[in-house]
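Me: I'm new to this one and would like to get to know it step by step. Could you show it to me first, and then we'll talk it through?

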Amino acid sequence: MNISDLTDMVPGLMAKHPSHGWTMASGQPDTRDPILDIYPLAASDRKAQVQIGLEIFFLDFAGHRTADFAYTDRDRVEVLEQRLELAARATLGPTRVTLYRVDGQIVRSTMVIDPDGPDREEDTIMTTTGHFVARLLRRQVLPEVLDFPAVTA
């Protein structure tokens, strides 16, 4: 399996999300690590990005960036599907993203989908070295909370 095989699966996987549109942001589907912009049709400015790799799949939403890993063909398809699902859920909201910054740089982030509801799902990036260094040097880590209400059609 290669990158173009995975990108060929995107239309079928995104068909499971009829409330969303998507575009290939990085150009040609056969280029290395293509990036998809995923957005609700009712709020096209609320975008998430999914970067498709052969082993590492990234998700970016509102400054929150996480990765998932896959090393076999079956796992690659599953992880791609999970990243697209998470992107769709995050963009629909309600979603809360908390960015922790030191000197303007994000050193940690948390994304919580449906933070006050029954389908709460949390996605946290591991604390970076910058976060540990800031704490060691007693530098202030400033949280920034971004709330995205549910998208209504």
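Me: Which strands does helix α2 lie across, and at about what angle does α2 run to β4?
Reply: Happy to help! This is a predicted model, where local features need pLDDT of at least 70 and side-chain atom pairs count only at pLDDT 80 or more, while totals for chains, interfaces and linings use all residues. Residues are numbered from 1 along each chain as its sequence is written, and side-chain values use heavy atoms, with hydrogens and water left out. Helix α2 covers residues 73–92 and lies across β1, β2, β3, β4 and β5, and its angle to β4 is about 5°.

Me: How are helices, strands and such angles defined?
Reply: Helices (H or I, at least four residues) and strands (E, at least two) are DSSP runs, numbered from the N terminus. Angles run from 0 to 180 degrees between N-to-C directions, along axes that are lines fitted to C-alpha atoms, for helices over the stretch in contact. Contact here means heavy atoms within 4.5 Å.

Me: What span should the 20 residues of α2 have, and how far apart are its end C-alpha atoms?
Reply: The expected span is 1.5 Å times one less than the number of residues in the helix. For α2 that gives 28 Å, which agrees with the distance between its end C-alpha atoms, 29 Å.

Me: What is the strand order in the open sheet of five strands?
Reply: Two strands pair if DSSP finds at least two bridges between them. In this open sheet the pairing is antiparallel, and the order is β1-β2-β3-β4-β5.

Me: Which strands stand at the edges of that sheet?
Reply: An edge strand here has a single partner, so one of its sides is left without a neighbour in the sheet. From one strand to the next, the twist averages 20°. The edge strands are β1 (20–24) and β5 (64–69).

Me: Which residue of β3 is the bridge partner of Leu36?
Reply: Strand β2 (residues 35–40) and strand β3 (residues 48–51) are antiparallel and pair over four bridges. The partner of Leu36 in β3 is Val50.

Me: Is Arg76 buried or exposed?
Reply: Buried means under 20% relative accessible area, exposed over 50%, and partly exposed in between (1.4 Å probe, protein chains only). Arg76 has a salt bridge with Asp73, with the closest N and O atoms 2.8 Å apart; such a bridge is a side-chain nitrogen of Lys or Arg within 4 Å of a carboxyl oxygen of Asp or Glu. Asp73 is partly exposed at 36%. At a relative accessible area of 10%, Arg76 is buried.

Me: Asp147 forms a salt bridge with Arg96; how many residues apart in sequence are the parts that this pair ties together?
Reply: The closest N and O atoms of Asp147 and Arg96 are 2.7 Å apart. Asp147 belongs to strand β9 (residues 142–148) and Arg96 to strand β6 (residues 95–102), so the pair links parts whose separation in sequence is 51 residues.

Me: Which residues touch the most other members of the largest nonpolar core?
Reply: A nonpolar core is a set of buried Ala, Val, Leu, Ile, Met, Phe, Trp, Tyr and Cys residues joined through side-chain atoms within 4.5 Å. The largest one has 23 residues, and α2 gives the most to this core, with six residues. The members that touch the most others are Leu80, Leu84 and Met111.
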